[in-house]
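User: I've got this model open and would like to go through a few spots with you. Can we take them one at a time?

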Amino acid sequence: MASSGEEPRSGSPGRAGTGPEAAAAEAAQLDTAEDFEVLGEDGEDDEDDLSELPPLEDVGRPPAPPREDAQPPQQRTGDAAGDPEEWLDVLGNGLLKKKTLVPGQGVESRPQKGQDVTIRLKATLEDGTVVEEDPALTFTLGDCDVLQALDLCVQLLEMGETALIVSEAKYCYGAQGRSPDIPPNASLTLEVELLAARDAPDLELLSGKEKIQLANRKRERGNFFYQQADYVLAINSYDIALRIAGSSSKVDFSPDEEAELLDVKVKCLNNLAASQLKLDHFKAALKSCNLVLEHQPGNIKALFRKGKVLAQQGEYREAIPILKAALKLEPSNKTIHAELSKLVKKHADQRNVETEMYRKMLGNPSAASTPRKCKDKLPWSIPWKWLFGATAIALGGVALSVVIAARN
């Protein structure tokens, strides 16, 4: 929940900083992912296509804040080796370290999670190349708005403290890096100074425009994590965006603002379902899809994802009508066509297997023996055992009558 109403800076490492060319390339790639048909063609012959998801809502927009780090190798290695006692191993795994360069105002001045903090940042690669400088980067601490290395370490800074943070790629830009300036698997060194910390704004007092901007910023951050295949953090960002969009307000909103907030909420729920499905959280994904359909019964992406969830659970009978409804809304959609064809075939195979299983369990007679048995056993025929028994009973009755008559 960034306190400023500004959009994330494109040049900030904590935000989604990329150069103009890289941003255009990323946007083009994300726009391609936005097309149902492209996704369907890519996975058309893949048996595991059910695990693939339709594109994110508006994922073509510049992804929200990425993260940042950096430090020259010689400085990093030399300092760490020369003064090992001065370095704090933040996570205990040696992958994220912090060293104080200029002391701050005391432990009690450290910022708290949920506060909006402002820092001065300088990020460098191991060869000393400066990849980022920001004199006043503001973000919400603990909301994953910036690089994980920053989110974890800034809460350990005292007010006014300047620190050096050395981070492996895992807590920065990971295996993908950040084109064009940060290569894949790059370790970074961050020089950070904590300038300010203040409570985040009261959601109830935000104007409609401010609330929409804030919710969209969190949603876009979730889109960034989704593209990085970090679905847990994506879910976290979408949850935060939903909490903002659905929060109560003491300010009156215009009908247009209300409609826009609802649109943000629907997009977040759709993307949340996509992330949950990636993690096989079927129950949660189904709930998210149903919430979208409560607001927009004809939402094609929600229908498609709901059909995916049910298919993953083997509920083909329930999934097929849902996909048919989606296809009716968009008859030319090749992805839905392909998915529906797969489910119809799987459902038919499932029914054949069940029929054969029931036949074996019940031991039904073969078709050849059934007519012969019916012919041999006519409905009016009387077995000889029944006839013998009836005769014996009749003779016994006669004998009993004779004995009674003789006594009388």
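User: Let's start with residues 300-333: how far apart are the end C-alpha atoms?

Analyst: Keep in mind that this is a predicted model. The span is 79% helix and 0% strand. An unreviewed UniProt entry annotates residues 300-333 as "repeat: TPR". The C-alpha atoms at the two ends of the span are separated by 10 Å.

User: Over to the sheet, then. Which strands stand at the edges?

Analyst: Six strands make up an open sheet with antiparallel pairing, and the order runs β1-β2-β5-β6-β3-β4. Two of them have a single partner strand each, so one side of each is left without a neighbour in the sheet. Those edge strands are β1 (88-89) and β4 (130-140).

User: Which residue in β6 stands opposite alanine 123?

Analyst: Strand β3 covers residues 115-124 and strand β6 covers residues 188-199. The two pair in the antiparallel sense over 10 bridges. Opposite alanine 123, the residue in β6 is leucine 190.

User: Is alanine 163 buried or exposed?

Analyst: Alanine 163 lies in strand β5, residues 162-167. Leaving aside neighbours within four places in sequence, alanine 163 has contacts that include Lys98, Thr100, Leu157 and Leu190. Buried means under 20% relative accessible area. The value for alanine 163 is 0%, so this residue counts as buried.

User: And what separates the C-alpha atoms of alanine 163 and leucine 194?

Analyst: Along the chain, alanine 163 and leucine 194 are 31 residues apart. In space, the distance between their C-alpha atoms is 8.8 Å.

Note on methods. Residues numbered from 1 in each chain as written. Predicted model: local features only at pLDDT ≥ 70, side-chain atom pairs only at ≥ 80, totals over all residues. Heavy atoms only, no water. UniProt positions renumbered as here; feature names shortened; annotations may be inferred. Helix = DSSP H or I, 4+ residues; strand = E, 2+ residues; numbered from the N terminus. Buried < 20%, exposed > 50% of the residue type's maximum accessible area, 1.4 Å probe, protein only. Contact = heavy atoms within 4.5 Å. Pairing = 2+ DSSP bridges.
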